[in-house]
Amino acid sequence: MTAVVSLTPAPVIDRTYLVDEFDAGKVNRASELREFLSGKGLNVSRTLREAGVPTSAVLPIGREDEHLLFRTPHPYVLRIRQIPGRMRVNTAILEPDGRTTNINQRPVPVPRDDWEATVDMTLAEIETLRADWLVVSGSLPRYAGEGTESKKADRVDLSRLFERARALGVRIAFDSSGGSLDRWTSSGLVDLIKPNADELATLVERHLTTVGDVLEAGREVIDRHGLEVALVSMGGDGALAITHDEAWWGLAKAPAIVNTTGAGDATLAGFLGHSIQGPGRVGGAIFHDDLPRLGIKRALAHAVSYGALCVSLPTTIIQDLSQLPEAVIERPDPERPLSEPTKFFAK
């Protein structure tokens with residue numbers, strides 16, 4: 001069975017306020033408040049754990065927020081590196097019609113020594129689980145105490161982690177945005193990226209208006225940077241799983257649209273957890289070119305089903321996979337227009 005280690009470089013406290021109606025600039029009353037430890041990599045591991053996939057989630061956690069560890073679902077997947085201070089807080093305001101307002105705090109800087117210890121912990125988990133995948137997901141924090149302002153400091157470096165992981169025979173999935181996505185996509189150290197259509201448009205610096213445009217852009221990024229897979233989410237237009245010589249389009253209808261936060265993490269979990277053909281690794285380092293084959297079509301079917309289920313829930317935590325929406329998997333229709341035009345930022 002596939003095994004996955006996740007690293008969330010900048011975990012977060014997710015606070016979700018449920019309101020009957022949200023009026024910007026006014027006093028609003030919440031009918032319910034939900035608060036829990038979160039982060040993109042942790043969301044992936046929680047979903048995989050619910051699916052019975054061996055996984056562990058590595059996180060650097062601020063010492064002042066350790067109390068949250070006792071209130072988080074699936075605490076046994078956590079592998080914690082204690083760091084100074086508190087974690088960032090992301091706030092979501094959720095209305096009955098599914099409209100969500102998000103206020104996300106910047107990642108809290110991490111001391112360089114603590115980051116290197118986090119990398120060592122992640123590598124140890126890869127060896128313990130004999131993992132097939134390492135997924136690094138979410139924002140990358142900057143190093144603490146380097147520069148008069150944290151935004152002048154360098155972001156944490158993933159080079160040693162990725163190089164050592166590849167030497168252990170592990171595929172690497174990377175899910176982030178902005179400059180971090182651009183840098184590590186072009187590093188030659190990543191096997192899979194999971195951009196949305198806007199992020200892919202930014203990577204190729206042009207607008208994408210059809211499924212064919214998305215497919216062409218995905219292949220361009222794969223061929224330019226030596227990636228194995230581009231898993232591209234397109235919202236209501238479904239998702240594409242693209243390799244150098246294979247591509248599939250998938251869509252699953254959500255029971256309801258309640259909260260879209262975390263849908264990308266669920267999609268990635270579904271793909272990774274069901275991607276390996278055969279038994280996966282049986283232990284020990286192997287050459288990266290001799291890794292088990294990927295079953296792209298099957299993996300995409302689980303990806304879109306998990307994502308559709310996630311958007312029907314009020315939080316990012318999936319606790320029951322027994323009612324997964326049915327997936328439709330087809331060859332991509334290049335002429336199919338995207339329901340929303342992409343946006344991208346010039347580099």
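Does S56 count as buried or exposed, and at what relative accessibility? In this predicted model, S56 counts as buried because its relative accessibility is 1%, under the 20% cut-off. The report below starts from this residue and its strand, then turns to the packing of helix α7, and closes with residues located in loops.

## Strand β4: S56 and T55

S56 belongs to strand β4, which covers residues 55-62. The side chain of S56 is joined to that of E125 by a polar contact of 2.9 Å. When neighbours within four places in sequence are left aside, the contacts of S56 are V4, V5, S6, S45, V77, R79, E125 and L129.

T55 is also found in strand β4. With a relative accessibility of 10%, T55 counts as buried. Its side chain forms a polar contact of 2.9 Å with the side chain of S45. Not counting residues up to four places away in sequence, T55 touches V4, S45, L48, R49, V77 and L129. S45 is thus listed among the contacts of S56 and among those of T55.

## Helix α7 and its surroundings

How many of the eleven residues of α7 are buried? Ten of them are, so this helix is largely enclosed by the rest of the structure. The buried residues are A263, D265, A266, T267, L268, A269, G270, F271, L272 and G273.

Two packed helices are described by the angle between their axes and the distance between the axes. The two packings of α7 treated here, with α8 and with α1, are set out in the table.

| Helix pair | Angle between axes | Distance between axes |
|---|---|---|
| α7 (residues 263-273) and α8 (residues 296-311) | roughly 150° | within 7 Å |
| α1 (residues 40-50) and α7 | about 50° | 8 Å |

### The packing of α7 with α8

The axes of α7 and α8 cross at roughly 150°, and the two helices are therefore roughly antiparallel to each other. Their crossing is right-handed. On the α7 side, the contact is made by A263, A266, T267, A269, G270 and F271, and on the α8 side by I296, A299, L300, H302, A303, Y306, G307, C310 and V311. By class, the residues of this contact comprise eleven nonpolar, four polar and no charged.

One of the α8 residues in this contact is A299. A299 counts as buried, as its relative accessibility is 0%. Leaving out residues up to four places away in sequence, A299 touches G270, F271, H274 and S275. The C-alpha atoms of A299 and G273 are separated by 7.6 Å, and the two residues are 26 residues apart along the chain.

### The packing of α7 with α1

What is the orientation of α1 and α7 to each other? The axes of the two helices meet at an angle of about 50°, and α1 and α7 are therefore oblique to each other. The crossing of this pair is right-handed. The contact involves K40, N43, V44, T47 and L48 of α1, together with D265, L268, A269 and G273 of α7. Its residues divide into four nonpolar, three polar and two charged.

A269 of α7 appears in the contact with α8 and in the contact with α1. L48 of α1, which takes part in the contact with α7, is also touched by T55 of strand β4.

## Residues in loops

Most residues other than glycine have a negative phi. R130 has a positive phi of about 50° although it is not a glycine. R130 is placed in the loop between α2 (112-129) and β8 (133-137). With a relative accessibility of 47%, R130 counts as partly exposed.

E205, likewise not a glycine, has a positive phi of about 60°. The loop that holds E205 runs between α5 (197-204) and α6 (211-225). The relative accessible area of E205 is 43%, and E205 is partly exposed.

D23 lies in the loop between β2 (12-19) and β3 (30-38). At a relative accessibility of 39%, D23 counts as partly exposed. D23 and V89 are 66 residues apart along the chain, and their C-alpha atoms are separated by 22 Å.

Conventions:
Residues are numbered from 1 along each chain as its sequence is written. This is a predicted model: local features need pLDDT of at least 70, side-chain atom pairs count only at pLDDT 80 or more; totals for chains, interfaces and linings use all residues. Side-chain values use heavy atoms; hydrogens and water are left out. Axes are lines fitted to C-alpha atoms, for helices over the stretch in contact, and angles run from 0 to 180 degrees between N-to-C directions. Helices (H or I, at least four residues) and strands (E, at least two) are DSSP runs, numbered from the N terminus. Angles under 35 degrees count as roughly parallel, over 145 as roughly antiparallel, 65 to 115 as roughly perpendicular and the rest as oblique. A crossing is left-handed if the near helix is turned anticlockwise from the far one by less than a right angle, and right-handed if clockwise. Contact means heavy atoms within 4.5 Å. Ala, Val, Leu, Ile, Met, Phe, Trp, Tyr, Cys and Pro count as nonpolar, Asp, Glu, Lys and Arg as charged, and the others, Gly among them, as polar. Buried means under 20% relative accessible area, exposed over 50%, partly exposed in between (1.4 Å probe, protein chains only). A polar contact is a pair of N or O atoms within 3.5 Å; within protein, one must be able to donate a hydrogen and the other to accept it, and residues adjacent in sequence count only if both atoms are side-chain atoms.
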